[in-house]
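I opened a fresh page for this one and kept the entries short. Pull up a chair and look over my shoulder.

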Amino acid sequence: LTNPRKKMLFICLFTFESHMGDDAWKCPHCKQMQQGMVKMSLWTLPDILILHLKRFRQVGKRRNKLSTLVRVPISGLDMTPHVVKRSQNTDFLYDLYAVCNHHGGMHGGHYTAYCRNSVDGHWYSYDDSSVEIVPEEELCTRGAYILFYQRRNVIPPWSANSSSPVFHNEPSMEERGESTHPVCSRRCK
């Protein structure tokens with residue numbers, strides 16, 4: 001998946017037409033059983049796009065963990081070709097801001113996260129009580145499980161870059177006498 005044209009492969013496959021297989025359906029017009037086609041279409045997309053990668057596969061009576069390396073775009077994920085009804089003013093460009101990773105197998109594992117700090121722009125690795133800076137080139141791993149994208153040019157109210165307060169009646173951290181730890185955004189007294 002290193003070819004830029006293949007970066008969208010994991011999304012494109014869901015928008016292709018495919019045969020329903022053995023699941024025939026009864027046509028409401030001719031009343032006969034027919035082989036059908038199924039196709040998923042995207043009509044609109046949210047400001048926050050969450051992509052869940054299939055990491056577990058059923059093989060007979062067993063389930064196996066998949067550890068395929070999936071290279072995803074960190075910035076500029078263009079969903080425009082996959083939206084059926086496009087508005088002239090709507091932009092469907094997304095930037096990655098968090099990754100949930102699963103390490104381990106079917107009977108046990110551990111979750112970690114990579115998150116981009118909206119204040120300093122750096123990526124951080126979160127693993128229980130440990131927080132470390134992680135280089136952007138190390139974000140795509142065999143453990144990537146859930147990807148969190150934000151639509152470009154949309155600033156959610158919870159972002160540090162937002163000028164609108166999320167909680168109007170709640171006192172600010174400064175008013176409560178708290179500060180924010182610069183590395184992990186942990187609240188400290």
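Below are my notes, grouped by what I looked up.

**Entry 1: what kind of model**

I am working from a predicted model, so I read everything here with that in mind.

**Entry 2: cysteines**

I began with the sulfurs. How many disulfides does a search of the whole structure find? It finds zero. I wanted to know why C30 has no bond to C27. The closest cysteine sulfur to that of C30 is in C27, and the 3.8 Å between them is too far for a bond, because a disulfide needs the two sulfur atoms within 2.5 Å.

I also checked exposure for two cysteines. C30 is partly exposed, at 38% relative accessibility. C140 is buried, at 18%, because the cut-off for buried is under 20%.

**Entry 3: the nonpolar core**

Next I went to the largest nonpolar core, which has 23 residues. Which of them touch the most other members? I noted L45, L49, M79, Y94, L147 and Y149. Three strands give two or more residues to this core: β5 (48–52), β9 (93–105) and β13 (144–151). As background, nonpolar side chains tend to be buried together in soluble globular proteins.

I then picked L45 and listed its contacts, leaving aside neighbours within four places in sequence. L45 is in contact with M79, V83, F92, Y94 and R151. M79 and Y94 also appear with L45 among the core residues that touch the most other members.

**Entry 4: β5 and its partner**

I looked at β5 face by face. L49 and L51 make up the covered face, while I48, I50 and H52 sit on the uncovered one. That fits the textbook picture, where side chains in a regular strand alternate between the two faces of the sheet.

Which way do β5 and β13 pair? They pair in the antiparallel sense, over five bridges. L51 has L147 in β13 as its bridge partner, and L147 is one of the core residues with the most contacts to other members.

**Entry 5: aromatic pairs**

I counted two aromatic pairs in the structure. In one of them, Y97 and F148 are tilted, with 6.2 Å centre to centre and 55° between the planes. Y97 is in strand β9 and F148 in strand β13, 51 residues apart, and the pair links distant parts of the chain. Y97 is buried, at 19% relative accessibility. F148 is partly exposed, at 21%.

The other pair is Y111 with Y145, also tilted, at 6.3 Å centre to centre and 45° between the planes. Y111 lies in strand β10 and Y145 in strand β13, so this pair ties together parts 34 residues apart in sequence. Is Y111 buried or partly exposed? Y111 is partly exposed, with a relative accessible area of 47%, whereas Y145 is buried, at 12%.

**Entry 6: T112 and the β9–β10 hairpin**

I spent a while on T112, which is found in strand β10 (residues 108–116). T112 is buried, with a relative accessible area of 9%. What does the side chain of T112 join in a polar contact? I found the side chain of H103, at 2.8 Å. Not counting residues up to four places away in sequence, T112 touches V99, C100, N101, H103, Y126 and D127.

The strands around T112 are worth a line too. β9 and β10 pair in the antiparallel sense over eight bridges, and a hairpin joins them through two residues. One bridge puts N101 opposite T112 as its partner in β10. N101 is thus listed twice on this page, as it is also among the residues T112 touches.

**Entry 7: onward to β11**

On the next stretch, β10 and β11 run antiparallel and are joined by four bridges. The bridge partner of Y114 in β11 is S125. The hairpin here has six residues between the strands, and G121 takes a positive phi near 80° in it.

I finished in the loop between β10 and β11 (123–127), where N117 has its place. N117 is buried, with a relative accessible area of 11%. A polar atom of the N117 side chain lies 3.2 Å from the backbone nitrogen of D120.

Technical notes:
Residues are numbered from 1 along each chain as its sequence is written. This is a predicted model: local features need pLDDT of at least 70, side-chain atom pairs count only at pLDDT 80 or more; totals for chains, interfaces and linings use all residues. Side-chain values use heavy atoms; hydrogens and water are left out. Buried means under 20% relative accessible area, exposed over 50%, partly exposed in between (1.4 Å probe, protein chains only). A polar contact is a pair of N or O atoms within 3.5 Å; within protein, one must be able to donate a hydrogen and the other to accept it, and residues adjacent in sequence count only if both atoms are side-chain atoms. Contact means heavy atoms within 4.5 Å. A nonpolar core is a set of buried Ala, Val, Leu, Ile, Met, Phe, Trp, Tyr and Cys residues joined through side-chain atoms within 4.5 Å. Two strands pair if DSSP finds at least two bridges between them. Rings of Phe, Tyr and Trp (its six-membered ring) pair if their centres lie within 6.5 Å; planes under 30 degrees apart count as stacked, over 60 as edge-to-face and the rest as tilted.
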